[in-house]
Amino acid sequence: MTLYASSNRPADDPTTTGFLSTRRPAGRGIRILVLLTLLVIVAALLFVEAYANASFAPDASSAPGPAASAVPAAIRDGGPVIAPGGAKPRTWRPAKRTVALTFDDGPDPTWTPRVLDVLARTGTRATFFVVGSQVARYPDLARRIVAEGHEIGVHTFSHPDLSAIPAWRRDLEYSQTQLAIAYATGVTTSLFRPPYSSSTDAVRDHDWQVMREASAQGYLNVLEDVDSRDWARPGTQAITANATPADGRGAIVLLHDAGGDRSQTVAALERYIPAMRENGYRFTTVSRSLQTPIVTPVNPPATAGQRWRGGALVWTIRVADGLMVVLWWLLVAVGVLTLARTLLLFAVAVRHARRRRAPAFTWGPPVHEPVSVIVPAFNEQDTIAATVRTLAASDHPGVEIIVVDDASTDATAATVDALGIDDLRLVRVPSGGKALALNTGVALARHDLIVMVDADTIVEPDALRQLVRPFADPAVGAVAGNVKVGNRRRLLPRWQHIEYVIGFNLDRRLYDALGCIPTIPGALGAFRRQALTDAGGLSIDTLAEDTDLTMAILRAGWRVVYQEDAHSHTEAPTTLRQLWQQRYRWSYGTLQAMWKHRRSLIERGASGRFGRRGLPLIALFSVVLPLFGPILDLMTVFGVFFLDRSSTLIGWLAVLAVQAVTAVLAFRLDREPLRPLWALPLQQFAYRQIMYAVLLRSAMTAVAGRRLRWQKLKRSAEVAAGAR
C-alpha cells in the first residue's frame, strides 16, 4: 500500500518552523572555528590566572645554601645594595643613623593603605618592592605609593624562587612587573629585590647568578641589613626590636605590607618610627639612604609604549580574574543544581517507586482493549524481523502490527512480507521522515490504543499488556515504557546502559511524580488516539518528534505516566560517531521542542501548568546543568595543577561518591544488577565529556538557526540476534 503526502514539506526544509530555524544557517566550519577560538581564549586566560595567582610564602631569612664559592668576598662583606655587573662588583651601605623602610609582597587592598596612612601621618618616605600580579589587580594602590613620594621596586611578577626557574621565565618575571608598574604609576624602576632574599652574608652561588642576570638588565639588587621578622608575626614589641639596628648604624629594614595578617606590622610602625626619631635616626628611601647617593633616578618616567603594553597586561589579568569569578559562581550554581536534583531524585523517585510497588496500588480494572502497534522503518532489514516477532508474541489480546516502510532501499519490506504473521500489515510510503511515517500508521490503525515501537527494539512478552494498564484511568493520554540498552557487552553501550537507568528512567520517575514527563520514548510508548488528535499528531517541526508530541499532549490536558513494568530492549550506538549523531539530534530536537512550546509559560490551564512546572525543570536539569557541567571538570583540572591538589581531589571524589550513590539507587529501583557500575568512574572521564560537547554544539546550532536532517544510524543487530 503506497500513500503520497504531497501537502507536507520535507523534514529537512529550512523554512519549517523550529527553534530559530528561520535564520540563515551558519557554516559548520565557522562554528567549529569559533568554538575552538573560545576554548583557546579560555585556556589562555586560565593559564594567565594560574600564573598571576601563584601562591607564595612571605619573605623570610633564608638558611645558608651549600655553596658560595662563586660569590666574591666583597659582596658577602659588603652593603645590601649591589651592582654585580662590570669587572668589579659594587655595593652600597646606608649612612649612619639612616633607616630605609622597605615593604615587600604588596600592594594589598587591606594592609597597604594602612601602612601608607601611618607613613603619611609620620611624614616618612619608604620603598615598596611590589609583586607585579598585585600591581595589576590594585593599580590605584601602586599609583598612591608613587604619588606620596615613596620609591617603588620590582619583587617579580608571581614571587617564585628565581633560582629554581629557567632564565626565560626570570626575564618574564622582571619585564611583566615593570610593565604593570609603568601602566599603574607612569614610572619604571631600577630597584630589584629577589624573593626569599636575605642579607649579603647569606648569598650563595645560585643567588649570585640571579643577581648578575638582574644587573645585566639594569637593576640594582637590594637586600637588607635588618629583618624585622614580621612575616612570623612575633608581636609588636619583637618586630620593633628586630627592626632596630645596633650601635647607631644605618639599615635597610625588611617589612611586609602583604602576604598575610599585617596588623602587627602596622602597630609596630606606629611605635617604631617616633621612637627611632627620638634616638636621632632619620627615615628615607633606599636610593637616598646610601652613604654614596645614587645620582641616576631609580624611578624614571615610563615611555608611552611601556604604558600601553602594561595596560594590555593589566587588562588581560583583570579579564582572567573576571573569568575565574564567573567560573566559580557557575561552579556553585552547578553544585546547587546537582544537589537539588539529587535530593529531588532521592525524595521523589524513591517515594514514586514505593507507591507503585505497594500491594494496594492499582491502575484500575484490567485493560483488554486491542492495540495497534506502529513500527516505522527505514532500512531496517537486519532488525525488523526480530522486532515484529516479539510484538507478535505478546500476551496482550488483540495486537495489530503495522510496519510503515519509509521508502527503504534495502530488503526491509521483503523481510516483513516473508514473516507470514497474522494481523501484520506492511505499508509503504514515500520518503518523508519518521514523524510522517508514524502519522500514516496512526491514520491506518484500527484501534484506539496505539503503541509506537522503533524497528530495532525487542519487546518483552508482557510489555504491551503492562504498557496499556494505566489507560484504566480515563485521564491518561500517554504512557512511557521502560527502555533498556540490550547490547551491553562493549564499553560504549555499557556506559549508555548506565545513562539509561540513571539519566532516563530515574528522571522519568521524578517527572512522573511531578506530572510533567517530557518525552515518551520512541522505543516503547502508548497513546490514546484522542490524545494524539488533541495534540495535532506527530509534527515535523522538530527532530525530537517524541518530545514534541509528549509536550503537546500535556498541554492538551492529558496525563502522561511512566510504566516501569513495561520493558523493552533497544540497540545503543556502538561507535562514537553514531553516538554523536544520535545525541546531537536528541539534544537539538529537545531545544527545538522547548522553544516551540515556550508559550505554555504564560498560558492558563493544563498548558500553563506544564509550562510553569515542566519547562523550567527540563531547562534546568536537561539543558543548563549538562551545558555547564564541564565547569566541574574544568575547575577540577585547574585545581589539581594550580590550586590545593588534595582539596580539589577530595571535592571531585565527593561528587563521584554522590553520583555513585545515585547510580546504586537507580539500579536498585530498576531491579538491575549492579555489576555494570564498575564502568561508572571511567564514564566520568570520557563519556560525560562527549555528552557535554554534544549539548554545546546543539546549543550553538540552535542559536545559529540551522536545521538538521533526520539521521539514520547503522545497526549492528546485536539485540535482534539475542532475541533470535
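Me: How do the residues that line the second largest pocket divide into nonpolar, polar and charged?
Reply: This is a predicted model: local features need pLDDT of at least 70, side-chain atom pairs need 80 or more, and totals for chains, interfaces and linings use all residues. Numbering starts from 1 along each chain as its sequence is written, and side-chain values use heavy atoms, without hydrogens or water. Ala, Val, Leu, Ile, Met, Phe, Trp, Tyr, Cys and Pro count as nonpolar, Asp, Glu, Lys and Arg as charged, the others as polar. The lining splits into 10 nonpolar, three polar and seven charged.

Me: Which residues lie closest to the centre of that second largest pocket?
Reply: The pocket has a volume of about 400 Å³ (space filled by probe spheres on the grid points). A pocket is an open set of points on a 1 Å grid where a 1.4 Å probe fits, with protein on both sides within 12 Å along at least five of seven lines; lining residues have an atom within 4 Å of a point. Of its 20 lining residues, the closest to the centre are Asp512, Ala513, Gly515, Cys516 and Arg613.

Me: Which element gives the largest share of the lining of the second largest pocket?
Reply: Helix 11 (304-357), helix 16, strand 18 and helix 20 each supply at least two residues of the lining. Helices are DSSP runs of H or I, at least four residues, and strands are runs of E, at least two. The largest share, six residues, comes from helix 11.

Me: Is Ile618 buried or exposed?
Reply: Ile618 sits in helix 20, residues 605-628. Beyond its neighbours within four places in sequence, Ile618 contacts Tyr511, Pro518, Met551, Met594, Phe610 and Val623 (heavy atoms within 4.5 Å). Its relative accessible area is 1%, and the cut-off is under 20% with a 1.4 Å probe, so Ile618 is buried.

Me: How far apart in space are Ile618 and Met594, C-alpha to C-alpha?
Reply: Met594 is one of the contacts of Ile618. The two are 24 residues apart in sequence, and their C-alpha distance is 8.6 Å.

Me: Which strands are the edge strands of the eight-stranded sheet?
Reply: The sheet is open, with mixed pairing (at least two DSSP bridges) and the order 13-12-11-14-17-16-18-15. Each edge strand pairs on one side only: these are strand 13 (424-429) and strand 15 (458-459).

Me: How many bridges join strand 11 to strand 12?
Reply: In strand 11 (371-377), seven of seven residues are buried. Its Val371 stands opposite Val399 in strand 12. The two strands run parallel, and the number of bridges joining them is seven.

Key:
Buried means under 20% relative accessible area, exposed over 50%, partly exposed in between (1.4 Å probe, protein chains only).
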